[in-house]
Amino acid sequence: MKTLEEKWTAWIDDQLTGRELEEFLASLPDRAAAESEKQSAKQLGSFLREQALVLNNADFFSHQLRERLDRESGSGRSERDTAQTGWWTIRRLLWGGITSLAVFAFCTVVVLREKTPPSQSQYLTEILTYRVDPTVSPNATISMFQKKEDHVTVLWVDGLQSLPAEYATK
Amino acid sequence: MRPRLLPSIAIFFVVISIADAALPEQTVWSGLIIASNSPPTEPTPAEITQIEATLRKLFGYSQFQLIGEARKTLKTGEEDWLASSKYFSLQVDSRGEKADAYVLNLKLFQEQKLLLETRAKLSKASPLVIRGPQVGDGQLVIVLVVQ
């Protein structure tokens with residue numbers, strides 16, 4: 001023997017038939033209100049079924065959501081970390097500047113050294129031009145030569161006016 | 001470790017750079033010398049001891065007396081200076097450095113008279129010797145050396 005609630009649920013689900021249905025309908029005090037309530041219950045049922053279909057993908061959405069949350073919280077954390085650790089602190093900027101200056105100075109010296117020839121040259125001194133004033137020393141002649149074995153270059157001037165010994169004074 | 005290593009390397013480079021940059025300065029010694037066979041009154045100038053034998057062979061004199069000198073440290077390679085005695089003066093005008101040598105304009109004066117004018121490329125490893133006028137029983141010799 002079904003209770004009234006069981007019969008009501010069965011009627012809503014269209015599972016009451018025959019004599020049982022007739023007896024139930026006859027027992028209703030307001031049949032129109034009951035029919036309206038049945039429709040509402042059916043609408044609610046179909047709505048819940050639709051939502052249940054949507055929730056079949058719940059894991060996927062949950063995963064997407066979690067990933068997004070992780071990303072946002074992750075970037076927020078890294079920004080926060082950067083701000084807290086502050087790689088470009090004044091001290092590091094200072095050392096960075098010193099290092100850059102040192103590298104610049106080193107490169108400059110390397111370039112200058114390449115331009116500056118070594119101090120021990122193999123070349124002998126060269127006489128490029130020479131001249132005596134013909135009015136002062138009309139008989140003067142000049143020659144030049146290099147003593148390669150002694151690494152000495154000589155400019156030999158002949159015919160200059162001889163001077164007395166007092167010209168040897170300091 | 002790393003934060004201390006970086007400054008150390010930087011300081012090392014700065015020290016090396018400064019020390020190295022200070023090297024190129026060189027000195028040119030210019031001397032007015034009377035070569036003679038007179039008995040020695042003074043020792044031979046230290047600046048010409050390395051070429052003393054060469055000077056003896058060249059001029060046939062045994063004694064070398066310094067009558068005037070100048071020592072100039074070249075920083076830019078474009079300096080000028082004067083080496084002088086009582087009657088002679090050597091005016092030197094350095095016109096810069098070229099191929100391991102200094103280009104020098106030289107003027108030898110006997111008081112106000114210009115005896116000789118020459119332009120030479122003075123090598124750092126090769127002295128320049130100039131034979132000047134006869135003075136008494138000796139000879140005026142001019143020597144320029146990069147030290």
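**Exercise 1. What percentage of the 170 residues of chain A count as buried?**

Let's warm up with chain A of this predicted model.

- Step 1. Start with the elements: chain A has five helices and three strands.
- Step 2. Read them from the N terminus on, and the order is α-α-α-α-α-β-β-β.
- Step 3. Now turn to burial, which requires 20 or more other C-beta atoms within 10 Å of a residue's own. By that criterion, 8% of the 170 residues of chain A are buried.
- Step 4. Add the contacts: of those in chain A between residues at least 6 apart in sequence, 30% join residues at least 24 apart.

**Exercise 2. Describe the side of chain A that touches chain B.**

- Step 1. Count both sides: chain A puts 45 residues into the contact, and chain B puts in 47 residues.
- Step 2. Find the elements of chain A that give two or more residues to this side; they are helix H5 (90-115), strand E1 (126-131) and strand E3 (152-158).
- Step 3. Pick out the main contributor: H5(A) supplies the largest share, eight residues.
- Step 4. Sort the residues on this side of chain A by character, which gives 26 nonpolar, 13 polar and six charged.

**Exercise 3. Trace the open sheet that takes strands from chains A and B.**

- Step 1. Write down the order of its five strands: E1(A)-E6(B)-E5(B)-E4(B)-E3(B), with antiparallel pairing.
- Step 2. Look for the edges. E1 of chain A and strand E3 (80-84) of chain B each pair on one side only.
- Step 3. Check the junction between the chains: E1(A) and strand E6 (residues 113-123) of chain B run antiparallel and are joined by five bridges. Here A:Arg131 has B:Glu117 as its bridge partner in E6(B).
- Step 4. Move one strand along. Ten bridges connect E6(B) with strand E5 (residues 101-110) of chain B, again antiparallel, and B:Ala101 is partnered with B:Ser123.
- Step 5. Finish with the geometry: neighbouring strands of this sheet are turned by 20 degrees against each other on average, direction ignored.

**Exercise 4. Locate the largest nonpolar core and follow one of its residues.**

- Step 1. Take the core as a whole: this core has 46 residues, and strand E8 (residues 138-146) of chain B gives the largest share, seven residues.
- Step 2. List those with the most contacts inside the core: B:Leu32, B:Ile33, B:Leu55, B:Leu122, B:Val129, B:Val141 and B:Val143.
- Step 3. Choose B:Leu122 and leave out residues up to four places away in sequence. Its contacts then include A:Thr125 from chain A, and from chain B, among them, B:Val28, B:Ala101, B:Tyr102 and B:Leu144.

Notes: Residues are numbered from 1 along each chain as its sequence is written. Chains are lettered from A and ligands numbered from 1 in the order in which they are written. This is a predicted model: local features need pLDDT of at least 70, side-chain atom pairs count only at pLDDT 80 or more; totals for chains, interfaces and linings use all residues. Two residues are in contact if their C-beta atoms, placed from the backbone, lie within 7 Å. Helices (H or I, at least four residues) and strands (E, at least two) are DSSP runs, numbered from the N terminus. Ala, Val, Leu, Ile, Met, Phe, Trp, Tyr, Cys and Pro count as nonpolar, Asp, Glu, Lys and Arg as charged, and the others, Gly among them, as polar. Two strands pair if DSSP finds at least two bridges between them. A nonpolar core is a set of buried Ala, Val, Leu, Ile, Met, Phe, Trp, Tyr and Cys residues joined through C-beta atoms within 7 Å. A residue is buried if 20 or more other C-beta atoms lie within 10 Å of its own, exposed if 12 or fewer, and partly exposed in between; C-beta atoms are placed from the backbone. Axes are lines fitted to C-alpha atoms, for helices over the stretch in contact, and angles run from 0 to 180 degrees between N-to-C directions.
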